[in-house]
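Work through the exercises below with the model open. Try each task before you read its solution.

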Amino acid sequence: MRLHTENKLIETGDIKIQCGMFQGDSLSPLLFCICLIPLTEHLNKLNTGYEEHTTKTKILHLLYMDDLKLIAKSEEELQKQIHTVKTFSEDTHMEFGLEKCAKIAFKRGKLVHSKNLVIDIKRAIQELEQGKTYKYLGIEESEGTQHQQMKERLKQE
C-alpha cells in the first residue's frame with residue numbers, strides 16, 4: 001500500500017489478505033457489489049432463465065447486495081446456475097448462507113413439488129414447504145402471494 005504525502009512516499013510491505021473484506025467503512029458496500037460483478041457475468045453467460053416476451057430481455061437472476069435469487073425454466077438450468085454460484089463461492093472464498101436458501105417450482109403458475117436441489121454430498125437446497133413463504137428484499141413471496149395485503153403491511157412498516 002502506498003500513501004503519497006507532500007514530502008514523501010510512505011509504503012508498506014506486502015499485505016496478505018486471508019479472506020473476506022473489511023467492514024464498517026463507507027466503501028465496504030461498494031466493494032462488496034464490485035466483487036459480485038464477475039458472478040453476474042458468469043451467470044449471464046449460461047443463457048438460462050426466462051425471456052420477457054415484448055422486450056426479449058432475459059431474466060435469470062436478481063441480485064441486490066447480498067440477496068441473490070436465481071430464476072430458471074427447468075431443474076437442469078437451475079442446477080447449472082447453482083454450480084456456477086458454488087464455483088464462484090469456492091474460488092473467491094465468499095460463503096453463501098445456504099441455511100437461508102429455499103427452492104420453489106411453478107408450472108404454468110401452479111406450485112409443483114420437486115426434489116431438493118443437491119449441491120454436493122453434504123449440502124442441498126430444500127424445497128420451500130407448502131404454506132411457507134420466503135423473503136426476498138424483505139418481501140414475503142410464495143404461491144398465491146396476497147399482493148394487496150403485502151402492500152398494506154409494507155406501508156405500515
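**Exercise 1. The largest nonpolar core**

Find which residues make up the largest nonpolar core, and which elements give two or more residues to this core.

Solution. The model is predicted. Start with the members. There are 7 residues: L36, L39, L43, L60, V85, F88 and M94. Next, sort them by element. Helices α1 (28-45) and α2 each give two or more residues to this core. The largest share is that of α1, with 3 residues.

Now take one member, L60, and list what it touches beyond four places in sequence. L60 meets L43, N44, T48, G49, K69, L70, I71 and Q81. One of these, L43, is itself a member of the core.

Finally, look beyond this core. A separate core of 6 residues lies apart from it. Among its members are A72, I82, L117 and I125.

**Exercise 2. Two hairpins**

Find how many bridges join strand β5 to strand β6, and in which sense the two strands run.

Solution. Locate the strands: β5 covers residues 61-64 and β6 covers residues 67-70. They run antiparallel, joined by 4 bridges. Check one position: H61 in the pair stands opposite L70 of β6. Then look at the connection. The two strands form a hairpin with 2 residues between them. In the turn, M65 has a positive phi of about 55°.

Now repeat the steps for β9 and β10: how many bridges pair them, and which residue of β10 does V118 stand opposite?

Solution. Strand β9 spans residues 117-120, and strand β10 spans residues 123-125. Their pairing is antiparallel, over 3 bridges. V118 faces A124 across the pair, standing opposite it. The hairpin from β9 to β10 passes through 2 residues.

**Exercise 3. Salt bridges**

Find how many salt bridges there are, and examine three of them.

Solution. The count is 4 salt bridges. Take the pairs in turn.

- R2 and E11 meet through their side chains, 3.2 Å from N to O. R2 is exposed at 60% relative accessible area. E11 is partly exposed at 48%.
- K86 and E90 meet at 3.0 Å, N to O. Both sit in helix α2 (residues 75-92), 4 residues apart, so about one helical turn separates them. E90 is partly exposed, at 44% relative accessibility.
- K155 and E152 have their closest N and O atoms 3.7 Å apart. Both belong to helix α3 (residues 147-156), and they are 3 residues apart, so about one helical turn lies between them. K155 counts as exposed at 64%, while E152 is partly exposed at 35%.

**Exercise 4. Cysteines**

Find how many disulfides the whole structure holds, then say how far the sulfur of C33 is from the nearest cysteine sulfur.

Solution. The search of the whole structure gives 0 disulfides. Test C33: the nearest cysteine sulfur is that of C35, 9.2 Å away. A disulfide needs the two sulfur atoms within 2.5 Å. C33 is therefore in no disulfide. Test C35 in turn: its nearest cysteine sulfur is that of C33, at 9.2 Å, and C35 is in no disulfide either. Then check accessibility. C33 is partly exposed, with a relative accessible area of 31%. C35 is partly exposed too, at 32%.

**Exercise 5. Two buried residues**

Is Y136 buried or exposed, and which residues is Y136 in contact with beyond four places in sequence?

Solution. Place the residue: Y136 lies in strand β11 (residues 134-136). Its relative accessible area is 9%, so Y136 is buried. Its contacts are L62, L63, Y64, D67, L68, K69 and E141. Look at Y64 among them. Y136 and Y64 are 72 residues apart along the chain, yet their C-alpha atoms are separated by 9.4 Å.

Now ask where E127 is found, and how far its C-alpha atom is from that of Q156.

Solution. E127 is in the loop between β10 and β11. At 19% relative accessibility, E127 counts as buried. The cut-off for buried is under 20%. Beyond four places in sequence, E127 contacts K103, V112, H113, S114 and N116. Q156 is 29 residues from E127 along the chain, and 31 Å separates their C-alpha atoms.

Conventions: Residues are numbered from 1 along each chain as its sequence is written. This is a predicted model: local features need pLDDT of at least 70, side-chain atom pairs count only at pLDDT 80 or more; totals for chains, interfaces and linings use all residues. Side-chain values use heavy atoms; hydrogens and water are left out. Buried means under 20% relative accessible area, exposed over 50%, partly exposed in between (1.4 Å probe, protein chains only). A nonpolar core is a set of buried Ala, Val, Leu, Ile, Met, Phe, Trp, Tyr and Cys residues joined through side-chain atoms within 4.5 Å. Contact means heavy atoms within 4.5 Å. Two strands pair if DSSP finds at least two bridges between them.
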